[in-house]
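Here is a short set of exercises to work through with the model open in your viewer. Try each task before you read its solution.

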Amino acid sequence: MADLVRAIDMPLTMDFLAVSSYGDSQKTSGEVELIKDLRLPIAGRHVIVVEDIVDTGITINYLLRMLEARQPASLKIAALLSKPSRRQIEVPIHYLGFEIEDAFVYGYGLDRSQFDRNLPFITSQA
Ligand SMILES: O=P(O)(O)OC[C@H]1O[C@H](OP(=O)(O)OP(=O)(O)O)[C@H](O)[C@@H]1O
Ligand SMILES: Nc1nc2[nH]cnc2c(=O)[nH]1
């Protein structure tokens, strides 16, 4: 996120929300839990949701529904990684870094049982 916003040369605000459906597991529970909501209203604002990874699509689908109800001026999705072969729900990704194969990846913000988010690279389990 820090790398991304430093590459955008226009006035913007940043806000954070937290959802979880994997917890400490490498399999989705299928149930998305809202752990922390946004602080700021988004009605009438142009919003880009920044995700690290889109896997089944369940999380982004949940976020799209939740945020659309708040009537932003526009709502776009940016994701660093996408695993299209794993998709259970088709979701739009307007800005995508990389498509990857079906492997559990971690590092560079992505956790492995909550650890390894601080790795300066992305890797996968052998
Ligand atoms: O497309 P999906 O199958 O829904 O998976 C994508 C989601 O999985 C990860 O969150 P996770 O639920 O693991 O959050 P956590 O690491 O904070 O528990 C990731 O940050 C995405 O939000
Ligand atoms: N860390 C991590 N979280 C995920 N959530 C959905 N897929 C993945 C993945 O490959 N790695």
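**Exercise 1. The shell around ligand 2**

Task: Sort the residues around ligand 2 by class: how many are nonpolar, polar and charged?

Solution: The shell around ligand 2 has six nonpolar, no polar and two charged residues. Keep in mind that this is a predicted model. To check the tally, list the members: Tyr 22, Ile 53, Asp 55, Phe 104, Val 105, Tyr 106, Leu 110 and Asp 111. Asp counts as charged, and Asp 55 and Asp 111 are in the list. Tyr counts as nonpolar, which is worth remembering when you place Tyr 22 and Tyr 106.

**Exercise 2. The shell around ligand 1**

Task: Find which residues come nearest to ligand 1, and which elements supply its shell.

Solution: Begin with the residues. There are 15 around ligand 1, and Ser 20, Tyr 22, Asp 55, Thr 56 and Thr 59 come nearest. By class, the shell divides into four nonpolar, seven polar and four charged residues.

Next, turn to the elements. Strand S3 (46-54) and helix H2 (58-68) each supply at least two residues of this shell. S3 gives the most, with four residues.

Finally, set the two ligands side by side. Tyr 22 and Asp 55 are among the residues that come nearest to ligand 1, and Tyr 22 and Asp 55 are also listed around ligand 2.

**Exercise 3. The overall fold**

Task: Write down the order of helices and strands, then ask how the radius of gyration of the protein agrees or disagrees with that of a compact globule.

Solution: Count the elements: two helices and seven strands. Along the sequence they follow the pattern α-β-β-β-α-β-β-β-β.

Now the size. A compact globule of 126 residues would have a radius of gyration near 14 Å, and the protein has 15 Å, so the two agree. Along the principal axes, the C-alpha atoms fill a box of roughly 45 × 30 × 25 Å.

Two further values complete the picture. Of the 126 residues, 10% count as buried. Among contacts with a separation of 6 or more, 48% are between residues 24 or more positions apart.

You can also look at an annotated stretch. An unreviewed UniProt entry places the feature "domain: Phosphoribosyltransferase" at residues 3-111. Over those residues the chain is 14% helix and 29% strand, with the end C-alpha atoms 18 Å apart.

**Exercise 4. The nonpolar core**

Task: Identify the residues of the largest nonpolar core and the elements they come from.

Solution: The core has seven residues: Ile 53, Val 54, Ile 60, Ile 77, Ala 79, Leu 80 and Val 91. S3 and strand S4 (74-82) are the elements that give two or more residues to this core. S4 has the largest share, with three residues. As background, nonpolar side chains tend to be buried together in soluble globular proteins.

Follow one member outward. Apart from its neighbours within four places in sequence, Ile 53 is in contact with Ala 79, Leu 80, Leu 81 and Leu 110. Ile 53 is also one of the residues around ligand 2.

Then look at the helix. In H2, Ile 58, Thr 59 and Ile 60 are buried. The buried residues of H2 pack against strand S1 (18-20), S3 and S4.

**Exercise 5. The end of the chain**

Task: Decide whether Ser 124 and Gln 125 are buried, partly exposed or exposed, and find their contacts.

Solution: Ser 124 is found in strand S7 (residues 123-124). Ser 124 has 13 other C-beta atoms within 10 Å, so it is partly exposed. Gln 125, in the segment after S7, is exposed because it has 9 other C-beta atoms within 10 Å. The cut-off for exposed is 12 or fewer.

For contacts, leave aside neighbours within four places in sequence. Ser 124 is then in contact with Ala 103, Phe 104 and Val 105, and Gln 125 with Ala 103 and Phe 104. Gln 125 and Val 105 are 20 residues apart in sequence and 6.9 Å apart, C-alpha to C-alpha.

**Exercise 6. Positive phi**

Task: Where are Gln 71 and Tyr 108 found?

Solution: Gln 71 is in the loop between H2 and S4, and its phi is positive, about 55°, although it is not a glycine. Tyr 108 is in the loop between strand S6 (105-106) and S7, with a positive phi of about 50°. Gln 71 is exposed, given 12 other C-beta atoms within 10 Å, whereas Tyr 108 has 17 and is partly exposed.

How values were computed. Residues are numbered from 1 along each chain as its sequence is written. Chains are lettered from A and ligands numbered from 1 in the order in which they are written. This is a predicted model: local features need pLDDT of at least 70, side-chain atom pairs count only at pLDDT 80 or more; totals for chains, interfaces and linings use all residues. A residue is near a molecule or strand if its C-beta atom, placed from the backbone, lies within 6 Å of it. The radius of gyration is taken over C-alpha atoms; the globule rule is 2.2 Å times the number of residues to the power 0.38. A residue is buried if 20 or more other C-beta atoms lie within 10 Å of its own, exposed if 12 or fewer, and partly exposed in between; C-beta atoms are placed from the backbone. Two residues are in contact if their C-beta atoms, placed from the backbone, lie within 7 Å. UniProt positions are given in the numbering used here, feature names are shortened, and annotations may be inferred rather than shown by experiment. A nonpolar core is a set of buried Ala, Val, Leu, Ile, Met, Phe, Trp, Tyr and Cys residues joined through C-beta atoms within 7 Å.
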